[in-house]
Structure formats: C-alpha cells, structure tokens
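Colleague: I am new to this structure. Could you show me how to read a few of its features, starting with a helix?

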Amino acid sequence: MTVGEREARRTAYILAASQAIIGSAAPISFSIGGLAGFYLLGEDKSLATLPITGFSLGMALGALPAAAIIRSLGQRGGFMFGTAVTAVGGAIATLALFRAEFWLFVFGLMMLGAGSAFVQQFRFAAADNAPPEFKANAISFVLAGGIITAILGPQIVIFTRELFAPVMFAGSFAAIIGLAAVGAVILSFLRVTEGAHAHQDSAAADARSLREIVTQPRFAAALVCAVGTYTLMTFVMTGAPLAMVGCGFSPDEATLGISWHVMAMFGPSFFTGSLIRRFGPERMVGLGILLLVGCAIVALSGIALWQFWSALILLGLGWNFGFIGATAIVATAYRPSEKARVQGFHDFVLFGAVALASLLSGAVYNVYGWDMLNWLVFPVCVVCLGALATLAKANRRQAA
C-alpha cells in the first residue's frame, strides 16, 4: 500500500466516522419529520411532509455556501463549522416542538439540511484526497459510515421520541445537538494538507468555465442519474412512513422500516467501490436504476408490512449503486482547480430537485395515495437509462 493510499484511507475513515454520527440527523428528520408535521398541523394535513422538504431545501441552499466555506476555512475548519449549523438546527426544531409552531419547525429542519450540506461534501473530500485508482473506494468508505447511521438514527427516535412527553419527538431532535458535538470532536483529527490552497490558486488559470464543464456528456449524464436516483429515493421514502401509519402500522414499525431502508442505502458501500472498479460506474448506475424499478413493483404488489419493508430495502440498494456510481463519474469530470464550483453546483441542483421531490411526495400521497408514488418511479428511471445510453454512445464515439 502506497503512502498516498494509506493517508487516503485514514481520511476516509475519519470522514466515515463523522458521517455515521452527524449523518444520523438525516434519518431522524426523515423518519419523524413528516409525522411531527402531521401532529403540528390542524385539520388540513396536506403540508405534513413540508418539514422534510425544508430539510432538503436547506441542503440545496447550503450546497454552494458550504463549498465556499470549506474552500475558505479548509476541510477540517469548514466541516466543523457545519457541525455547529447542525447543532443550531436541532435546537430550533426542539424549541418549535415545545412551542407547537409548525413553521418554526420547518425552519429548524432547513437548518439541519444546511448542516447536512457539509456532510454531503465528505464524499467529495474523500475522493479529492485519494489517488485515481482509489477514488471510488474512498467514496464508498465514507458512505459506509451510513450503516451506523441506519441503526443509530432510528434507535435514537425510538428511545427519545417520548422523552419530553407529552411533547412528542422533541427528545429526538434535542439528541442531534449531542451528535453534532461528538462529530466535531472526530473531525478535529482530520489532517489538512498544507499548501493545498496555493496549489489551487496556481492552477486557477487552467480552470474551465462552469458551462463548459457541466455540458460535458459525462458530467451531464452523471448529474441526471444522481438527481434521478436521489429524488426517487426521497420521493418514495418520504411518503412511506405516512403510508405505513395510514395502513394501520405503528410509528415504531414505520421507523424500523426506515432503519432497514437506510441500512440498505449504506450497507453495500463496503464493496460498491470494488464493484465500480471491476465493472465500471456506468454499469453500477444501471443496476441501481433497475433495483429502483424493482422497488416500485414490490410496493405496488400489496400493503403488507413485509411489502413496505422489502420495497424500502430495494429503494436503498438502488440508491447506493446509482448514487455512488454517479458520484464516481462526476469525480472524473473536473480538474482540481474546478472542484469547489463544480461540487457546489452539483449539490445545489441535486438537493434542489430532492427538496421538490419531498414536497411533491406529501401532496401526491394525500391526493392520489401510495400507489401513485410508485407508479411515478417508472418514467424517471426511463430518463436515467436514456442518459446512460447517451453517455455510452459518447464514450464509443470518443474511443473511435
């Protein structure tokens, strides 16, 4: 193992541990954000999933500032700044639940989403600090931290949602403050490469325009597939807890369903990088899209608990292969001097679409029901497969 790969592994492990702890804010928000919104609203429950939309919108709006702050403060300083944003979001959400203020709760989840925008940069940081042959593995290692997130987040919900009863769910969001503090301690061990900024500045003259970068077939196809897999995951997952509770299952059963889903999202990350190196990122993205189709088929087959949970597992697996594969493609589409702008733009577009998906999820579920959420999976998957086919054609033309 080379010195570069050894240092890349160390960086990836620290970021994975941070992802496991700070990233737990996301499953906490997703598993009970809609239910908390449901209880805070009056007779009209159509905006129940708006808090989750606020979380996704916070990620979208925070993407560009997060990239700029990380560039300015360095990776360690920038990521630790992000943990402070997460802690503030948890405090605001907790206060909103005590005061029974729906819109303040939405704002609190927006702040949590802004904090998550920094967490989303972990995968790029791991790739940027790794040699070319280790980039996919570095991304996978970081996202593998989500396995702990899958267990920790929902278990925190189960054990703390009645901590401040009769104020439901306040204890779960208060716990996020402690998670942010632990994450900051872990991130303090991250090594900062001296002279990185100077190198970026000296290479600035080689940077292409953002328009030239994003119109490359490779970047465009990867962005379409990243947006498609992430929005479908959010769209179906956001409505799933409401659908399960609506079908007579308990909030704990709905939360465990999200736990299985998040484990499926991150569990394969231990070997996804190796699969990408062996079969190529395009094929892994294609496999992820087919798994999303399988999710919709299972969900449409019935409303037993095993069908909900199985669909959510397939949804998580499809996201893992599709999103990690798309991220690996994106990581090869820009130069080091271009990374801050490209990564910020990528996540701004990505999480803007995710925010819209979470908002539409609640509206579609309330008007058309659970089945319609899953029928809409098919046309999006067709678009993603079309983008992959276009990329394959461009690759063949370039090879010729």
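Modeller: The expected span of a helix is 1.5 Å times one less than its number of residues. For the 23 residues of helix α18 (residues 377-399) that gives 33 Å, and the end C-alpha atoms are 33 Å apart, which agrees. Helices here are DSSP runs (H or I, at least four residues), numbered from the N terminus. This is a predicted model, where local features need pLDDT of at least 70 and side-chain atom pairs count only at pLDDT 80 or more, while totals for chains, interfaces and linings use all residues. Residues are numbered from 1 along each chain as its sequence is written, and side-chain values use heavy atoms, with hydrogens and water left out.

Colleague: Which residues of α18 are buried?

Modeller: An α-helix has 3.6 residues a turn, so residues three or four places apart point the same way. In α18 the buried residues (under 20% relative accessible area, 1.4 Å probe, protein chains only) are V377, C381, C384, A387, L388, L391 and A394. Their cover includes α11 (217-246), α14 (281-300), α15 (305-330) and α17 (370-375).

Colleague: How many disulfides are there?

Modeller: A disulfide is a covalent bond between the sulfur atoms of two cysteines. The rule used asks for a pair of cysteine sulfur atoms within 2.5 Å, and by it the count is zero. For C225, the closest cysteine sulfur is that of C384, 4.9 Å away and too far for a bond. For C295, the closest is in C381, at 9.0 Å, again too far for a bond. C225 is buried, with a relative accessible area of 1%, and C295 is buried, also at 1%.

Colleague: What lines the largest cavity?

Modeller: On a 1 Å grid over the protein atoms alone, a cavity is a set of points where a 1.4 Å probe fits but cannot get out, and a pocket is an open set with protein on both sides within 12 Å along at least five of seven lines; lining residues have an atom within 4 Å of a point. The search finds one cavity of 30 Å³ or more. The largest cavity holds about 330 Å³ of space, a volume being the space filled by probe spheres set on the grid points, which are joined across faces, edges and corners. Its lining has 28 residues, with Q19, A26, Q120, Y230 and F266 nearest the centre. Helix α4 (residues 102-120) gives the largest share, five residues.

Colleague: And which residues line the second largest pocket?

Modeller: Among them are P132, K135, R218, I276 and T332. The second largest pocket has a volume of about 190 Å³.

Conventions
Helix = DSSP H or I, 4+ residues; strand = E, 2+ residues; numbered from the N terminus. Buried < 20%, exposed > 50% of the residue type's maximum accessible area, 1.4 Å probe, protein only. Contact = heavy atoms within 4.5 Å.
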